[in-house]
Amino acid sequence: MKITTPKISQDWVPSIRLDFMPDIIQSFLKRLLEIKRHDLYNLMLTGIIYLVPKSHNSDFEFRYSFSYMEYLLAKQRNYIQNILYCLLKSLYYRNIRLIEYQNKYISSYLLKTCFLWYCERKSINYFIEDNLKIILMEILTDLMNCMYKRTCYHYFVSTENLLLNMPHELLDQCYSKVHDIYENIDKYLQDLVEAKINMFNRQGVSKRLIDSEIGEKFRCLFEKYFSINSESNENLESYMYTFFNQMFLYDREMLFVKKLVFELKRTDRYFEENNEGKI
C-alpha cells in the first residue's frame, strides 16, 4: 500500500528573544497589580517577548511579538472560555472576515483583543455553562462598541489603538454585521452548527469503510466526534455547549480527529484500488 502524507502549511518567522521585560509592557504589568490580578501578574513575569520583522519586505523594522504571553493566557482558560473563544472565531470567519473595503478587513486579532480584555475584567467563576450565552452577547457588545468608537486598545500596549487606520466605512459595515449577529444570535449559531455538520459530511468517509473490520475500532470515536443530532430537543444553549465541547475544545483532540479522517480516507482508497476489476 502506498503511504502518503497530508500537506502542511508553515510560516517561518525569524525573531529575537528578549531576556528582559521592555518598558513598553510595564504599564500592562502595573495595570494587573492595580486591579489585583496577582495571578496574571506572576504568570506574565514568566513570559517571553520577541522582536519580529514588521513585514517580509523590511530588513530593518521590527515590532514586538506577545504571542508567547498570549499562549500563557490561553493555557489558563477554563472549559467555558475555550468554548466561547471557538464560538467567536467561528462567527468571525463566517461573517465578519468576509467584509472588505479597499482591500482591508478586520483582523481576527481584534476579536482576540476584545476577548482578552473581557476575561481580565471578569472572575474565572463567572465563566460557567449557565452564563455561556450571556457572556457571548456581552463580548459582541464590546466588539460593537469598539467599532462604533473606532477604538480598541492593544491588550499589552494600551496606548496603541488597533483601529486607528481602519476606514470608517469598513468599521460601519462590520458594526452592522455584528449588530445583526447580536439581534439574531440563535439563527447564527444554528447556521454555524449546520455548516460544521455539512463540513464533516463532506469528508467522504464511506459507509463501507465504517462497517469494515478496520472501521470497527474507530466506531466509538466517530460516535463521540461526528454523531450530532440536528433534531435535538435540547435548548440551543445546551446544544451549542455540547457541540463545541465535542468538536472544537482541545487542539490535541481535534488534531487526532483530523488524523483519523485522513487515515480512514486513505484506507478507503486502498480498498478501491485493490478491488478494481473485481466483482
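Start by selecting Ile16 and Leu51: Leu51, in E2, is the bridge partner of Ile16. Helices (H or I, at least four residues) and strands (E, at least two) are DSSP runs, numbered from the N terminus. What you have open is a predicted model, where local features need pLDDT of at least 70, side-chain atom pairs count only at pLDDT 80 or more, and totals for chains, interfaces and linings use all residues. Residues are numbered from 1 along each chain as its sequence is written, and side-chain values use heavy atoms, with hydrogens and water left out.

**Stop 1: the sheet**

Now widen the selection to strand E1 (residues 16-17) and strand E2 (residues 50-53); they run antiparallel and are joined by two bridges. Two strands count as paired if DSSP finds at least two bridges between them. Add strand E3 (residues 62-65), which pairs with E2 over four bridges, again in the antiparallel sense. To see that pairing residue by residue, pick Tyr50, whose bridge partner in E3 is Ser65, and then Pro53, which stands opposite Phe62 in E3.

Zoom out a little and you have an open sheet of three strands in the order E1-E2-E3, with antiparallel pairing. E1 and E3 are the edge strands, each pairing on one side only. As background, strands of a sheet pair through backbone hydrogen bonds, either parallel or antiparallel.

**Stop 2: Leu18**

Next, click on Leu18, in the loop between E1 and helix H1 (26-34). Is Leu18 buried or exposed? Leu18 is buried, because its relative accessible area is 13%; the cut-offs are under 20% for buried and over 50% for exposed, with partly exposed in between (1.4 Å probe, protein chains only). Draw a C-alpha to C-alpha distance from Leu18 to Tyr50: they sit 5.7 Å apart in space but 32 residues apart in sequence. Setting aside neighbours within four places in sequence, Leu18 is in contact (heavy atoms within 4.5 Å) with Ile48, Ile49, Leu51 and Tyr64.

**Stop 3: helix H3**

Move on to helix H3 (residues 67-75) and color its buried residues: Met69, Glu70, Leu72 and Leu73. Look down the axis of H3: these buried residues fall within an arc of 155°, so they line one face of the helix. That arc is taken from the directions from the helix axis to the C-beta atoms. Show helix H2 (38-45) and H5 as well, since both are included in what covers the buried residues of H3.

**Stop 4: the cores**

Which residues touch the most other members of the largest nonpolar core? Select Leu84, Leu91, Ile106, Leu136, Leu143 and Ile185, out of 39 residues in that core. A nonpolar core here is a set of buried Ala, Val, Leu, Ile, Met, Phe, Trp, Tyr and Cys residues joined through side-chain atoms within 4.5 Å. H4, H5, H6, helix H7 (168-183) and helix H8 (185-201) each supply at least two residues of this core. H6 gives the largest share, ten residues. Apart from this core lies another, of 18 residues, including Ile25, Leu32, Leu73 and Phe156.

For a look inside the largest core, center on Leu91. Beyond its neighbours within four places in sequence, Leu91 is in contact with Ile96, Leu136, Ile181, Ile185, Tyr188, Leu189 and Leu192.

**Stop 5: two loops**

Go to the loop between helix H4 (79-94) and H5, where you'll find Gln102. Its phi is near 55°, a positive value in a residue other than glycine. Gln102 counts as exposed because its relative accessible area is 60%. Then select Asn103, in the loop between H4 and H5. Asn103 has a positive phi of about 65° although it is not a glycine, and at 72% relative accessibility Asn103 counts as exposed.

Now jump to Asn131, in the loop between helix H5 (108-121) and helix H6 (132-149). Asn131 counts as buried, at 15% relative accessibility. Show its side chain, which reaches the backbone oxygen of Tyr126 at 2.9 Å.

**Last stop: the whole protein**

Clear your selections and show everything. The secondary structure comes to 13 helices and three strands. Of the 279 residues, 39% count as buried. Among contacts between residues at least 6 apart in sequence, 71% join residues at least 24 apart. Finally, turn on the surface: about 17500 Å² is accessible, 50% of it belonging to carbon and sulfur atoms, as given by the Shrake-Rupley method with a 1.4 Å probe.

Conventions
Polar contact = N/O pair within 3.5 Å; in protein donor to acceptor, adjacent residues only side chain to side chain.
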